[in-house]
Amino acid sequence: MPHFRLISFELCPYVQRCVVTLREKKIPHEVDYVELGDRPDWFVEMSPLGKVPVLEVTRDNGEKVVLFESVVINEYLDEVTEGNMLPADPLERAHCRAWIEFGNALLSDAFTVTSVEDEAELAKILAKLGDKLDRLEREIKGGPFFLGAEVSLVDAAMTPALQRLTWANEIHPPLALFAARPKVAGLWRALAERESVQGSAPKDLRQQFDKMVGRDRGGYRSIVGARVAA
Ligand SMILES: N[C@@H](CCC(=O)N[C@@H](CS)C(=O)NCC(=O)O)C(=O)O
């Protein structure tokens, strides 16, 4: 087995996806943290897009290969370890990859919903988000996870978005993101119970999230954040 070194930034939702996979599959690895506001030279040199996560893979012969992009890292980790977090059938695998891409869009919307500054913007993003959550609700068949009883890479990819949307909804209940979407709500509840998810982010992530969405962003607070501050 190669040696795995994950380059992380503690609050990064994309890193979190890889940590879920590493923990789900109990893959030995080391973690190095970087401050994105003060990037060390070795990280600038190593990371082609200047982003985390990066996975440095050291082969048995000492050769190092750098992987980047959370989705790519997760598929590689799944392929080189016991068990499968994607189906064997090519069509089903492709279908999962498509929904992983959907998870990227969901994460982007989750960020927007915590940073909008007025009601009109909030209504726009809620319409987009509502459509996505409705589609996800229809896609989850038996649950509790995306593919059913077993956790998959789709679930790992959705984890950070569902966690942040759940918190945003708790802070600002009128968002009503989950009330009419019991399967999506159930998916997050099932994920939140897993050790892999519980250990995927710093223990104080919720407090940091509240601070982040409540923080003064260039003169305004997000609508969600205003509730934290109130
Ligand atoms: N598509 C990338 C996104 C990674 C990403 O945006 N990471 C953020 C931190 S959460 C980052 O490193 N940002 C630094 C930058 O964009 O310069 C992935 O899935 O890994």
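Modeller: Helices (H or I, at least four residues) are DSSP runs, numbered from the N terminus. What you see is a predicted model, in which local features need pLDDT of at least 70, side-chain atom pairs count only at pLDDT 80 or more, and totals for chains, interfaces and linings use all residues. Residues are numbered from 1 along each chain as its sequence is written, and side-chain values use heavy atoms, with hydrogens and water left out.

Biologist: Thanks! Which residues surround the ligand?

Modeller: A residue counts when one of its heavy atoms lies within 4 Å of the ligand. Here the shell consists of Cys 12, Pro 13, Tyr 14, Leu 36, Arg 39, Gly 50, Lys 51, Val 52, Pro 53, Glu 69 and Ser 70. Sorted by class (Gly counts as polar, Cys, Tyr and Pro as nonpolar), that shell has 6 nonpolar, 2 polar and 3 charged residues.

Biologist: What are the distances from ligand atoms to Val 52, Glu 69 and Ser 70?

Modeller: For polar contacts, look for pairs of N or O atoms within 3.5 Å. The backbone of Val 52 places an N or O atom 2.9 Å from a ligand nitrogen. In Glu 69, a side-chain N or O atom is 2.7 Å from a nitrogen of the ligand. Ser 70 has a polar side-chain atom 2.7 Å from a ligand oxygen. On its own the ligand has 510 Å² of accessible area (Shrake-Rupley, 1.4 Å probe), and the protein covers 74% of that area.

Biologist: Which pocket does the ligand take up?

Modeller: A pocket is an open set of points on a 1 Å grid over the protein atoms alone, with protein on both sides within 12 Å along at least five of seven lines; lining residues have an atom within 4 Å of a point. The ligand takes the space of the largest pocket, whose volume is about 810 Å³. Of its 34 lining residues, Leu 11, Cys 12, Pro 13, Tyr 14 and Phe 111 lie nearest the centre.

Biologist: Which helix supplies the largest share of that lining?

Modeller: That is α4, with 8 residues. At least two residues each come from α1 (13-24), α3, α4 (90-113) and α9 (205-214). The pocket lining has 18 nonpolar, 6 polar and 10 charged residues.

Biologist: And how many cavities of 30 Å³ or more are there?

Modeller: In a cavity, a 1.4 Å probe fits but cannot get out. The whole structure has 1 of 30 Å³ or more, with a volume of about 40 Å³. Its lining is Arg 17, Ser 70, Val 71, Asn 74, Ile 100, Leu 153 and Ala 157. The largest share, 3 residues, comes from α3. Ser 70 thus appears in this lining as well as around the ligand.

Methods
A polar contact is a pair of N or O atoms within 3.5 Å; within protein, one must be able to donate a hydrogen and the other to accept it, and residues adjacent in sequence count only if both atoms are side-chain atoms. A molecule sits in a cavity or pocket if more than half of its atoms lie within 2 Å of its grid points. Grid points are joined across faces, edges and corners, and a volume is the space filled by probe spheres set on the points.
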